[in-house]
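User: Hi! Could you walk me through this structure, one question at a time?

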Amino acid sequence: MAFKLIDLPYADTALAPAISAETLSFHHGKHHQTYIDKMNAAIEGTDHADASMESIVAASRGTNQGLFNNAAQSWNHAFYWHSMAASETAPSDELKAKIEEAFGSVDALKEQLKARGVGHFASGWVWLAEKDGKLSIEETHDGDTLADSDFNPLLTVDVWEHAYYLDHQNKRPAYLDAVVDGKLNWGFASENLARGTTWTYPA
Ligand code: FE2
């Protein structure tokens, strides 16, 4: 079963000016599509052909780097699109309480997300994640993912240069300011926390 590129959960103009329609046309329409296409080509006719994306990520980790990179990036980008919203949504009472317990306040968490994103060396991902009932900020490098980890990822921000170069050039802090202050989908994070298990790529 070949995987399909998921549709963006909003219009391609919804995230502007933080993330423009032009960026989304390349980032979703070209980069994400290419990860999906390469993963589909790699699993066709193999034991992975009918597996879930999450199980392909787990099975290829450390054993098939090419497949892992494309499967993990296919998953990460889908999770990232859902981590954004046209306007910032509100966290559930449960998520807000967990944020306040771990970081002091939503605003303090936002500042830490930005700082970790700015400080992340080269390409990768910054995550808000939950494990054993506690929230933390995690980072993964290149295409690495929390999809098959012990963490329950709640939301993520892509800090690869292709996520922001057309809109902010090399200014990653400007991208993070724009996204973290106004475009985070706390509703999605709340759903992930309430479910208590890792989000799955639509079959
Ligand atoms: Fe990306």
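The questions and answers below go through the metal site, a helix pair, some buried side chains and a few backbone details.

Analyst: Happy to. This is a predicted model, where local features need pLDDT of at least 70, side-chain atom pairs count only at pLDDT 80 or more, and totals for chains, interfaces and linings use all residues. Residues are numbered from 1 along each chain as its sequence is written, and side-chain values use heavy atoms, with hydrogens and water left out.

User: Which protein residues are donors of the iron ion?

Analyst: Donors are N, O and S atoms within 2.8 Å of the metal (3.2 Å for Na, K and Ca), and water is not among the atoms, so sites may look incomplete. The donors of the iron ion lie 1.9 to 2.1 Å from it. Along the chain they follow the spacing H-x49-H-x80-D-x3-H. By name and atom, they are His27 (NE2), His77 (NE2), Asp158 (OD) and His162 (NE2).

User: What arrangement do the 4 donor atoms make around the iron ion?

Analyst: Four donors count as tetrahedral if all angles lie between 85 and 135 degrees; four count as square planar and six as octahedral if opposite donors are over 155 degrees apart and all others between 65 and 115, and anything else is irregular. For reference, the ideal angle for four tetrahedral donors is 109.5 degrees. Here the 4 donor atoms subtend angles of 89 to 130 degrees, so the arrangement is tetrahedral.

User: How many residues apart are histidine 77 and aspartate 158, and where do they sit?

Analyst: Helices (H or I, at least four residues) and strands (E, at least two) are DSSP runs, numbered from the N terminus. Both histidine 77 and aspartate 158 are buried, where buried means under 20% relative accessible area, exposed over 50% and partly exposed in between (1.4 Å probe, protein chains only). The pair links distant parts of the chain, with histidine 77 in helix α3 (residues 65-83) and aspartate 158 in strand β3 (residues 152-158), 81 residues apart.

User: Are α4 and α8 roughly parallel or roughly perpendicular to each other?

Analyst: Axes are lines fitted to C-alpha atoms, for helices over the stretch in contact, and angles run from 0 to 180 degrees between N-to-C directions. Angles under 35 degrees count as roughly parallel, over 145 as roughly antiparallel, 65 to 115 as roughly perpendicular and the rest as oblique. The axes of helix α4 (residues 93-103) and helix α8 (residues 186-195) come within 9 Å and cross at roughly 90 degrees. Therefore α4 and α8 are roughly perpendicular.

User: Which residues make the contact of α4 with α8?

Analyst: Contact means heavy atoms within 4.5 Å. From α4 come Glu94, Leu95, Lys98 and Ile99, and from α8 come Trp186, Ala189, Ser190, Leu193 and Ala194. Ala, Val, Leu, Ile, Met, Phe, Trp, Tyr, Cys and Pro count as nonpolar, Asp, Glu, Lys and Arg as charged, and the others, Gly among them, as polar. By that sorting, the residues of the contact divide into 6 nonpolar, 1 polar and 2 charged.

User: Is lysine 110 buried or exposed, and what does its relative accessible area come to?

Analyst: Lysine 110 belongs to helix α5 (residues 106-119). Not counting residues up to four places away in sequence, lysine 110 touches Glu88, Val180, Asp181 and Trp186. Lysine 110 is buried, with a relative accessible area of 9%.

User: Which residues does tyrosine 35 touch, leaving out those up to four places away in sequence?

Analyst: Tyrosine 35 is part of helix α1 (residues 21-43). Tyrosine 35 is buried at a relative accessible area of 13%. The residues it touches are Asn70, Gln73, Ser74, His77, Trp160 and His162, and of these His77 and His162 are also donors of the iron ion.

User: What is the relative accessible area of isoleucine 56?

Analyst: Isoleucine 56 lies in helix α2 (residues 53-60). Leaving aside neighbours within four places in sequence, isoleucine 56 is in contact with Phe3, Ile43, His48, Ala51, Leu67 and Ala71. Isoleucine 56 is buried, and its relative accessible area is 0%.

User: Which peptide bond is cis?

Analyst: Proline 17 is found in the segment before α1. Omega is about 5 degrees for the cis peptide bond, which joins alanine 16 and proline 17.

User: What is phi of aspartate 132?

Analyst: Aspartate 132 sits in the loop between β1 and β2 (134-141). Aspartate 132 is exposed, with a relative accessible area of 72%. Although aspartate 132 is not a glycine, its phi is positive, at about 55 degrees.
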